[in-house]
Amino acid sequence: MHINKLILQNFRNYSRHEFKFGDKTVILGENGSGKSNLMEAVYLLATGKSFRADREEEMVRYEEGFFRVIGQISQIGQISQVAVTMSEGRKKFEVNGVPRGMVNFVGRLKAVLFAPQDMELVTGSPGGRRRYLDFVISQVDREYRRCLISYEKGLRQRNKLLEMIREGLAQRSQLYFWDKLLIKNGEYITLKRGEYLEGLAEY
Ligand SMILES: Nc1ncnc2c1ncn2[C@@H]1O[C@H](COP(=O)(O)OP(=O)(O)OP(=O)(O)O)[C@@H](O)[C@H]1O
Ligand SMILES: [Mg+2]
């Protein structure tokens with residue numbers, strides 16, 4: 001998968017700009033010239049979100065009412081187009097000109113951001129490393145994403161149940177259902193994390 005072209009309209013410091021990308025791209029520029037803004041646009045097309053804006057309206061160019069970001073993607077010889085528009089504070093997603101909900105949009109373009117603060121992956125907590133793995137694997141494996149959501153929900157429910165058992169409001173035997181669910185989903189999550197790390201170990 002490859003992004004061939006990126007068109008920015010009223011996005012951050014870009015009023016209208018078209019970028020074409022070759023096989024590999026290195027972006028150089030003065031401080032404040034818009035390098036991170038460009039990464040932000042690509043990341044937005046991949047994940048539907050900004051990696052840095054607290055208020056996503058910030059991405060609309062000053063004095064303008066909307067932005068539009070379009071990406072042309074090629075994958076196994078097929079060209080497709082993804083677009084995100086924001087106007088009146090609302091984001092809209094399109095694939096090949098057809099409006100899509102965010103869930104259906106995310107993952108069409110696959111991207112991994114590695115920023116300076118991501119050195120924390122090495123120096124920081126294991127929780128941060130797990131979040132990173134979850135984010136990356138979820139993009140390419142729908143079943144992983146499903147298991148992850150189900151696991152997190154199951155864990156919350158089980159914790160609630162533990163509290164109820166302590167207060168004598170529920171039976172220990174009720175844990176069985178949630179244990180089974182956590183084991184089933186946890187097994188798949190662990191397996192896939194292991195596979196991903198094995199692939200990564202090569203580098
Ligand atoms: N909504 C906006 N409208 C217009 N300009 C904006 C908007 N948001 C940010 N900018 C401008 O974008 C510029 C910053 O761009 P960016 O963060 O991409 O720079 P950079 O090339 O990554 O710089 P550095 O090398 O310092 O990291 C600033 O000049 C800022 O004024
Ligand atoms: Mg920058």
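**Figure 1. Strand 1 and strand 2 run antiparallel and are joined by six bridges.** This close-up, like the others here, comes from a predicted model. To find your way along the ladder, start at L8, which stands opposite H17 in strand 2. The two strands form a hairpin with two residues between them. In that turn, look for R12, whose phi is positive at about 50 degrees. A salt bridge also spans this strand pair: the side chains of E18 and K5 meet at 3.8 Å, N to O. E18 belongs to strand 2 and K5 to strand 1, and the two are 13 residues apart. E18 has 38% relative accessibility and therefore counts as partly exposed. K5, at 23%, is partly exposed too.

**Figure 2. Strand 1 also pairs with strand 3 (residues 66-75), in the antiparallel sense.** Seven bridges hold this pairing in the model. A handy landmark is L6, which faces G71 in strand 3. How many of the ten residues of strand 1 are buried? The count is seven, so strand 1 (residues 2-11) is mostly covered.

**Figure 3. Strand 4 (residues 78-87) and strand 5 (residues 90-95) make an antiparallel pair with six bridges.** T85 has K92 in strand 5 as its bridge partner. Two residues lie between the strands of this hairpin, where E88 takes a positive phi near 50 degrees. Strand 5 continues the pattern with strand 6 (residues 98-100), an antiparallel neighbour joined to strand 5 by three bridges. Here V95 stands opposite V98 in strand 6. This second hairpin again has two residues between its strands, and N96 in the turn shows a positive phi of about 50 degrees.

**Figure 4. V82 sits in strand 4 and is buried.** Its relative accessibility is 1%, which is why V82 counts as buried. What does V82 touch, once its neighbours within four places in sequence are left aside? The contacts are L45, V69, I70, G71, I73, E94, V95, F105 and R108. If you would like a distance to check, V82 and V42 are 10 Å apart, C-alpha to C-alpha, with 40 residues separating them in sequence.

**Figure 5. E40 and R52 form one of the eleven salt bridges counted in the model.** The closest N and O atoms of E40 and R52 are 3.7 Å apart. E40 lies in helix 1 and R52 in the loop between helix 1 and strand 3, twelve residues apart. Is E40 buried or exposed? E40 is buried, because its relative accessible area is 0%. R52, in turn, counts as partly exposed at 38% relative accessibility. A further salt bridge joins the side chains of E94 and R68, at 3.2 Å from N to O. This pair connects strand 5, home of E94, with strand 3, home of R68, across 26 residues of sequence. E94 has a relative accessible area of 17% and is therefore buried. For the wider picture, salt bridges with shared partners tie R12, E40, R52 and E58 into one network.

**Figure 6. E63 and I76 are two loop residues with positive phi.** Most residues other than glycine have a negative phi. E63 has a phi near 75 degrees and lies in the loop between helix 1 and strand 3. With 82% relative accessibility, E63 counts as exposed. I76 has a phi of about 40 degrees and is found in the loop between strand 3 and strand 4. I76 is also exposed, with a relative accessible area of 83%.

**Figure 7. F114, M119 and V122 make up a nonpolar patch on the surface.** Together, these residues have about 340 Å² of accessible area. F114 is in the loop between helix 2 (102-105) and helix 3 (120-123). At 54% relative accessibility, F114 counts as exposed.

**Figure 8. The chain is divided into domain 1 (2-113) and domain 2 (118-201).** Seven residues from domain 1 and six residues from domain 2 take part in the contact. The domain centres, taken over C-alpha atoms, are 31 Å apart. For a span in the model, K24 and R166 are 58 Å apart, C-alpha to C-alpha, and 142 residues apart in sequence. K24 is in the loop between strand 2 (14-20) and helix 1 (35-47), and its relative accessible area of 79% makes K24 exposed.

Terms used. Residues numbered from 1 in each chain as written. Chains lettered and ligands numbered in written order. Predicted model: local features only at pLDDT ≥ 70, side-chain atom pairs only at ≥ 80, totals over all residues. Heavy atoms only, no water. Patch = residues over 30% accessible without salt bridge, like charges linked within 9 Å, V, L, I, M, F, W, Y side chains within 5 Å. Areas by Shrake-Rupley, 256 points an atom, 1.4 Å probe, with all protein chains shown as cover. Salt bridge = Lys/Arg side-chain N within 4 Å of Asp/Glu carboxyl O. Helix = DSSP H or I, 4+ residues; strand = E, 2+ residues; numbered from the N terminus. Buried < 20%, exposed > 50% of the residue type's maximum accessible area, 1.4 Å probe, protein only. Pairing = 2+ DSSP bridges. Contact = heavy atoms within 4.5 Å. Domains from an automatic or database assignment.
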